[in-house]
Amino acid sequence: GVLIVVAVIPMISASLAIRIQSVILALIALSLVSIFFGSAEGIEIPENATLQPSPSFGVLFGIFFPAVTGFTAGVNMSGDLKDPRSAIPRGTMLAIIAGAVTYVGLAIFLSARVPQILLQTNTQILIQFAAVGAAVVAGIWGATISSAIGSIMGAPRILQALSTDKVTPNFFAKGSGKTNEPRNALTLAFAIAWAGILIGSLDTIANVVSMFFIATYGFLNLSCAIEMWVSSDFRPTFRPPKFVPVVGFLTCVIIMY
């Protein structure tokens, strides 16, 4: 049901989806404020609770990595941006910095304020710790729906662009309305998302999706490296040193193994 609602929003218009994202951003900000003003006093530690060995780096990476892939949403929306040449590099870098500060800061804060045994054994600890538990629930829903809207809004546009360049079937290049909304491509994205939900295990999906994301970033880096080395008409406004995309590609390959 939620997937249908999420799919209908960008089908109506991208501007509606972006306005909804602004509301969701406010909910996430409120949830973070509620956490940072929280307290662990009064939260009981179960008598039979014991510290467990930490999961392996690979397991944690596989589950966590999809949560940090949202910074590419602006790239996916490049066709709808007024000035993509300047907006994409600036927006992407700011998104990476904001995400890193939030995730790392939250981890350090919780490790300092909440006993480790509670972090390991109590799945409701954030709600119980926060000053207003309902705000955390709203933030979790907001972050989840925000990622869903960003993905189901961006992926069809990538497929539409590929079809316009005759890489994929021309059927997906067709758009609707004044803004050329990619409804044919959106239908396919909806079907793929529905299939993912029917698998039923988020941890299983997260590990598989992580590999696809890393492969995508690896090839993006490789493409950038080739363009920078051999193409004279490749003139991006944000130009890193030539070795950076090579290092990025090799890092992605190493992490996949």
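1. In this predicted model, the side chains of Arg157 and Glu181 meet in a salt bridge, with a distance of 2.9 Å from N to O. Side chains of opposite charge can pair when their charged atoms come close. The pair qualifies because a salt bridge requires a side-chain nitrogen of Lys or Arg within 4 Å of a carboxyl oxygen of Asp or Glu. By this rule the count comes to one salt bridge.

2. The two partners of the salt bridge, Arg157 and Glu181, link distant parts of the chain and are 24 residues apart. Arg157 belongs to helix 8 (residues 133-164), whereas Glu181 lies in the loop between helix 8 and helix 9 (183-199).

3. As to the overall architecture, the protein has 11 helices and zero strands. Read from the N terminus on, its elements run α-α-α-α-α-α-α-α-α-α-α. The C-alpha trace spans about 65 × 45 × 35 Å along its principal axes.

4. At the start of the chain, helix 1 (residues 2-12) packs with helix 2 (residues 14-36) at an angle of about 125°, and their axes are 5 Å apart. The angle therefore makes helix 1 oblique to helix 2.

5. Which residues of helix 1 and helix 2 meet? Ile9, Pro10 and Ile12 come from helix 1, while Ala14, Leu16, Ala17 and Ile20 come from helix 2. The residues of this contact divide into seven nonpolar, no polar and no charged.

6. Nonpolar residues also appear on the surface, where Ile226, Trp229, Val230, Val246, Leu250 and Ile254 form a patch. Together these residues have about 640 Å² of accessible area. Helix 10 (202-230) and helix 11 (243-256) are the elements that give two or more residues to the nonpolar patch. Val230, one of the patch residues, has its place in helix 10.

Terms used:
Residues are numbered from 1 along each chain as its sequence is written. This is a predicted model: local features need pLDDT of at least 70, side-chain atom pairs count only at pLDDT 80 or more; totals for chains, interfaces and linings use all residues. Side-chain values use heavy atoms; hydrogens and water are left out. Axes are lines fitted to C-alpha atoms, for helices over the stretch in contact, and angles run from 0 to 180 degrees between N-to-C directions. Helices (H or I, at least four residues) and strands (E, at least two) are DSSP runs, numbered from the N terminus. Angles under 35 degrees count as roughly parallel, over 145 as roughly antiparallel, 65 to 115 as roughly perpendicular and the rest as oblique. Contact means heavy atoms within 4.5 Å. Ala, Val, Leu, Ile, Met, Phe, Trp, Tyr, Cys and Pro count as nonpolar, Asp, Glu, Lys and Arg as charged, and the others, Gly among them, as polar. Patches are made of residues with over 30% relative accessible area and no salt bridge: like charges are joined within 9 Å, nonpolar side chains (Val, Leu, Ile, Met, Phe, Trp, Tyr) within 5 Å. Accessible areas come from the Shrake-Rupley method with a 1.4 Å probe; for residues, only the protein chains shown count as cover.
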